[in-house]
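Q: Could you take me through the reading of a sheet, the helices packed on it and a buried residue, one feature at a time?

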Amino acid sequence: METELEIIETIINSDKFTIFGTGSVAKRFGEQLKYCGCWDNVSHFSVSLLKDDMVLFEGKKVVEIKDVTNDSIVMIAVHNIFVDEIIDKLKKLGFKRFFWIYPHLFDLCFGIPKHRDVVLKVDEVVQRINGFYVNAIYYLAIENVLGKNKVGREVYLKFMSVFSSEKAAKKRWEDFVQKIYEYEQGNVQQNYNIKLSHNHDIVLDGSHRLMLAFYFNVSEITADMYSCDLKQYKAYAQDMAMTDNQLNKYFSHDEILLIKETDNILKAQNVDLGGE
C-alpha cells in the first residue's frame with residue numbers, strides 16, 4: 001500500500017494541481033517543484049481571500065479557492081497553525097483530494113531520513129548548533145512570556161515577519177505562548193520528531209520544540225536525521241536560517257548583541273537555565 005508521501009510524489013510528477021498558500025511553505029514547495037522538473041504541473045496558487053495586490057506568486061496566477069473546481073487536487077502548503085481551518089474549508093467546498101505538504105516537505109527536498117526516531121540529549125543538540133540564531137530568539141521569547149525580559153516578544157515577531165505575514169507571525173506567537181504555558185505546567189509532549197542534519201549541527205525543523213525541551217529541562221528529544229549540508233540548508237531555508245547576514249539585515253545593533261549573547265549562553269556548559 002502506498003504511503004501518503006508516495007501518493008504525493010506520484011501526483012506532483014504526473015497530475016495538475018493547485019497549491020493552497022502563498023507563504024514560506026508554499027515558496028519552499030515551489031522551489032522544490034522547480035528543482036525536480038514538476039513546476040509546469042502547478043495550475044495556480046490558491047488562497048481563501050484574494051488581495052488586490054496578489055495577482056501572481058512565484059510567476060503563477062493566484063485565485064480564490066472558491067473559484068477552483070472541487071474535483072481539483074489541492075496541495076496544502078501552510079504551517080500547522082493554519083491547516084485545520086483550511087481542511088475544514090476545503091471539505092465544505094466539496095474538495096475530496098487534498099494533501100498537507102508540510103510534514104512531507106523535508107522528505108521531498110532532502111530525501112527520506114538516513115535514520116528515524118533517534119533519541120538525543122537535548123543540551124548536546126543545542127550546543128552543536130553554530131552560526132544560526134533561531135534558538136536564541138526562541139529562548140528570549142520563552143523568557144518574555146515568563147516575565148524575565150521585555151524584548152523577547154518583539155524579537156520573535158520581527159523574526160517571524162521576515163518570512164511570514166503579520167497575521168501568521170501573530171498566530172505563531174499565540175501558539176508558542178500556549179505551548180510555553182503547557183510546558184511550564186508539566187504538560188510536555190513531543191508530537192512530532194524534530195528534523196536534524198546527519199551531523200546533528202542543523203535543525204531543519206523543530207526549533208520551537210527543541211528550545212521548549214531545553215528551557216524546561218527535558219533531557220532527551222527524538223529526531224529524524226537527514227542528509228543535508230550547510231549549503232543545501234541555506235538554499236532551502238533562505239532568510240529563515242537566521243545567520244549573521246540575516247541578523248545584520250533585519251535587527252538593530254542592540255538586538256543583535258542580545259541575540260548573540262543569548263546564543264553564547266545556550267552553548268555554555270552547565271548553563272543555569274531559567275526553567276530550573
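The dialogue below treats these features in turn.

Q: How many strands form the sheet, and in what order?

A: Strand order is read across the sheet, from edge to edge. In this predicted model, six strands form an open sheet in the order S3-S4-S2-S1-S5-S6, and the pairing is mixed. Strand S3 (56-57) and strand S6 (98-100) stand at the edges with a single partner strand each, so one side of each has no neighbour in the sheet.

Q: In which sense do S1 and S5 pair?

A: Strand S1, residues 17-20, and strand S5, residues 74-76, pair in the parallel sense over three bridges, and the bridge partner of Phe20 in S5 is Ile76.

Q: Which strands do helices H1 and H2 meet?

A: Helix H1 (residues 4-14) lies across S1, S5 and S6, and runs at about 120° to S6. Helix H2 (residues 24-35) packs on the sheet by touching S1, strand S2 (42-47), S3 and S5, its direction making about 145° with that of S1.

Q: Which residues of H1 are buried, and what do they pack against?

A: Leu5, Ile8, Ile11 and Ile12 of H1 are buried. Seen down the axis of H1, the buried residues fall within an arc of 125°, so they line one face of the helix. They pack against S1, H2, S5, S6 and helix H4 (105-110).

Q: Is Asn135 buried or exposed?

A: The cut-off for buried is under 20% relative accessible area. Asn135, found in helix H6 (residues 134-145), counts as buried because its relative accessibility is 5%. Leaving aside residues up to four places away in sequence, Asn135 touches Ile129, Ser207, Leu210, Met211 and Leu266.

Methods: Residues are numbered from 1 along each chain as its sequence is written. This is a predicted model: local features need pLDDT of at least 70, side-chain atom pairs count only at pLDDT 80 or more; totals for chains, interfaces and linings use all residues. Side-chain values use heavy atoms; hydrogens and water are left out. Two strands pair if DSSP finds at least two bridges between them. Helices (H or I, at least four residues) and strands (E, at least two) are DSSP runs, numbered from the N terminus. Contact means heavy atoms within 4.5 Å. Axes are lines fitted to C-alpha atoms, for helices over the stretch in contact, and angles run from 0 to 180 degrees between N-to-C directions. Buried means under 20% relative accessible area, exposed over 50%, partly exposed in between (1.4 Å probe, protein chains only). The arc is that of the directions from the helix axis to the C-beta atoms.
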